[in-house]
Amino acid sequence: MKFHQVSKLQGTVSVPGDKSISHRSIMFASLAEGTSEITNFLEGADCLSTIDCFRKLGVDIRKPGPGHVIVHGRGLHGLQPPSSTLDVGNSGTTARLISGILSAQSFSTRLTGDASIRKRPMKRIIEPLSQMGADIQSEHNNGCAPLLIKGSPLHGIHYTTQVASAQVKSAILLAGLYADGITKVTEPCLSRNHSELMLRRFGADLHTEETTVVLQPGTPLTGQTISVPGDISSAAYFIAAGSVLPGSDILIRNVGINPTRDGMLKAAKAMGADITLENLCSGDGEPSADLRIRSAALHGTEIGGSLIPALIDELPALAVMAAFAEGTTVIRDAAELKVKESNRIDSIVTNLRAMGCDIEGTQDGMIIHGGRPLHGAVIDAHDDHRIAMSFAVAALGAEGETHIPESGCVAISYPDFFQHLNSLCKA
């Protein structure tokens, strides 16, 4: 797709359902007894991969309408052996979380994904699951998928993670549902807690002690009705665009503002963004609000430390904001960006530099000297949906034409992104 500079954004937009919550709603409903109904489900490619995997495990999952999913759960011990390899596509969340479940089944499974997934690190879940008694091997002995998982009896452990990772924590907790004792996971700082909130809602015996989650096995899960709030990771692009384009005034409806996910709001406000929360709601344990974004004079800031787990997926959009802000922005403690769908440190630095930004990469982040005019360029998104969407935002404030050849990858998390963005653009 090709993009040109616009003067401002105005209007209202509703972003798709939260990707993390959508994944978990399918998984937990599949393991529950009874029927679950899910609304505002994200029908992006990643979440559809989760549905496909659980259908292959014998779960009856139906989609009566857009964003509407009915799951007839089979209970913790009702999954069936798949007749073929489970393919998670591009979804790291599916790969890591389902591995915790498969580790405890009475059958063996082969799990793989696309070229990106086959390069992403799985040792971070293989190690703790193996400590629980799982028989899980990397087929090519490189710590990546394909994974060969032979179901085994599991025991509870107390695992301390090296980095705050909701995927690692969730994989361990899901295995812990089947363990013969208490499972505990301690993180250096709290990562997103969607698994904990939803597992409790489905009936799991689970509580949190500071940065430690404690799960007592033995309690069956029961079907629930889940309304998925809008994804703040998808809202991030409109927050960035509305902040940097003068004269903008947009409303983003029903966005999840879970405190373990609201780092985008905190970092943007630290840069001077004008963000107002309206119509706050705390239903289903997942707080949400409408976000009103008005353009503002942005300035540099420092983003790092315990804030990083709460905005790791939003850092590409924040980097674009920093390029338009006056002064220097430092992003640190974000080495996790290197093992996403692309090496996002390299992707951000290379593409912003191509647009004329004064930016340098570091081992765990980047330093952005903002305020210089950007110009159009050909963007290499590396088939990374978050890079493609972030640089579509950058293009709206850049002189000349910007070309993003791999723009189709946005379907992974936000199939209608370009239509929604175009609806807000004003000449």
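Colleague: Start with N279. Does N279 count as buried or exposed?
Modeller: This is a predicted model, so every value here is computed from it. N279 has a relative accessibility of 57%. The exposed class begins over 50%. N279 therefore counts as exposed.

Colleague: Which element holds N279?
Modeller: The backbone of N279 stands out, with a positive phi near 55° in a residue other than glycine. Most residues other than glycine have a negative phi. The element that holds N279 covers residues 274-281. That is strand β16.

Colleague: What is the phi of H382?
Modeller: H382 lies in the loop between β21 (365-370) and α11. H382 is partly exposed, because its relative accessible area of 42% falls between the 20% and 50% limits. H382 is not a glycine, and its phi is positive. The value is near 55°.

Colleague: Which residues does the cis peptide bond at P146 join?
Modeller: P146 sits in the loop between β8 (135-138) and β9 (147-150). Most peptide bonds are trans. Here omega is about 5°, and the bond is cis. The bond joins A145 and P146.

Colleague: How many disulfides does a search of the whole structure find?
Modeller: A disulfide needs two cysteine sulfur atoms within 2.5 Å. The search of the whole structure gives a count of zero. For C144, the nearest cysteine sulfur belongs to C53 and is 18 Å away, so C144 is in no disulfide. The number of disulfides is zero.

Colleague: Why does C144 count as buried, and what is its relative accessibility?
Modeller: Buried means under 20%. C189 meets that limit with a relative accessible area of 19%, so C189 is buried. C144 meets the limit too, and therefore counts as buried. Its relative accessibility is 9%.

Colleague: Turn to L42. Where is L42 placed?
Modeller: L42 counts as buried because its relative accessibility is 2%. Beyond four places in sequence, L42 touches P16, G17, K19, S22, C47 and S413. T329 lies 287 residues from L42 in sequence and 32 Å from it in space, C-alpha to C-alpha. The place of L42 is in the loop between β3 (33-39) and α2 (45-56).

Colleague: And T402: what is its relative accessibility?
Modeller: T402 lies in strand β22, residues 401-403. Leaving aside neighbours within four places in sequence, T402 is in contact with M1, K2, F3, M355, G376, A377, I379 and A395. T402 counts as buried, because its relative accessibility is 0%.

Colleague: What is the radius of gyration of the chain?
Modeller: The C-alpha atoms fill a box of roughly 60 × 40 × 40 Å along the principal axes. A compact globule with 427 residues would have a radius of gyration near 22 Å. The chain agrees with that, so the globule rule fits here. The chain has 21 Å.

Colleague: What share of the contacts with a separation of 6 or more comes from residues 24 or more positions apart?
Modeller: The chain has 12 helices and 23 strands. Of its 427 residues, 60% count as buried. Among contacts with a separation of 6 or more, residues 24 or more positions apart account for 75%.

Colleague: Which element gives the most to the lining of the largest pocket?
Modeller: The largest pocket holds about 640 Å³ of space. Of its 39 lining residues, the closest to the centre are A164, S165, I312, E336 and K340. The elements that give two or more residues are α1 (19-31), α3 (92-102), α5 (166-176) and α11 (385-396). With four residues, the element that gives the most is α1.

Colleague: How many charged residues are in the lining of the largest pocket?
Modeller: The lining divides by class into nonpolar, polar and charged residues. The nonpolar residues number 11 and the polar ones 12. The charged residues number 16.

Colleague: How much space lies in the second largest cavity?
Modeller: The search finds two cavities of 30 Å³ or more. Residues that line the second largest cavity include D18, H194, R261 and E286. By class, that lining has three nonpolar, four polar and four charged residues. The space in the second largest cavity is about 40 Å³.

Key. Residues are numbered from 1 along each chain as its sequence is written. This is a predicted model: local features need pLDDT of at least 70, side-chain atom pairs count only at pLDDT 80 or more; totals for chains, interfaces and linings use all residues. Side-chain values use heavy atoms; hydrogens and water are left out. Buried means under 20% relative accessible area, exposed over 50%, partly exposed in between (1.4 Å probe, protein chains only). On a 1 Å grid over the protein atoms alone, a cavity is a set of points where a 1.4 Å probe fits but cannot get out, and a pocket is an open set with protein on both sides within 12 Å along at least five of seven lines; lining residues have an atom within 4 Å of a point. Grid points are joined across faces, edges and corners, and a volume is the space filled by probe spheres set on the points. Ala, Val, Leu, Ile, Met, Phe, Trp, Tyr, Cys and Pro count as nonpolar, Asp, Glu, Lys and Arg as charged, and the others, Gly among them, as polar. The radius of gyration is taken over C-alpha atoms; the globule rule is 2.2 Å times the number of residues to the power 0.38. Contact means heavy atoms within 4.5 Å.
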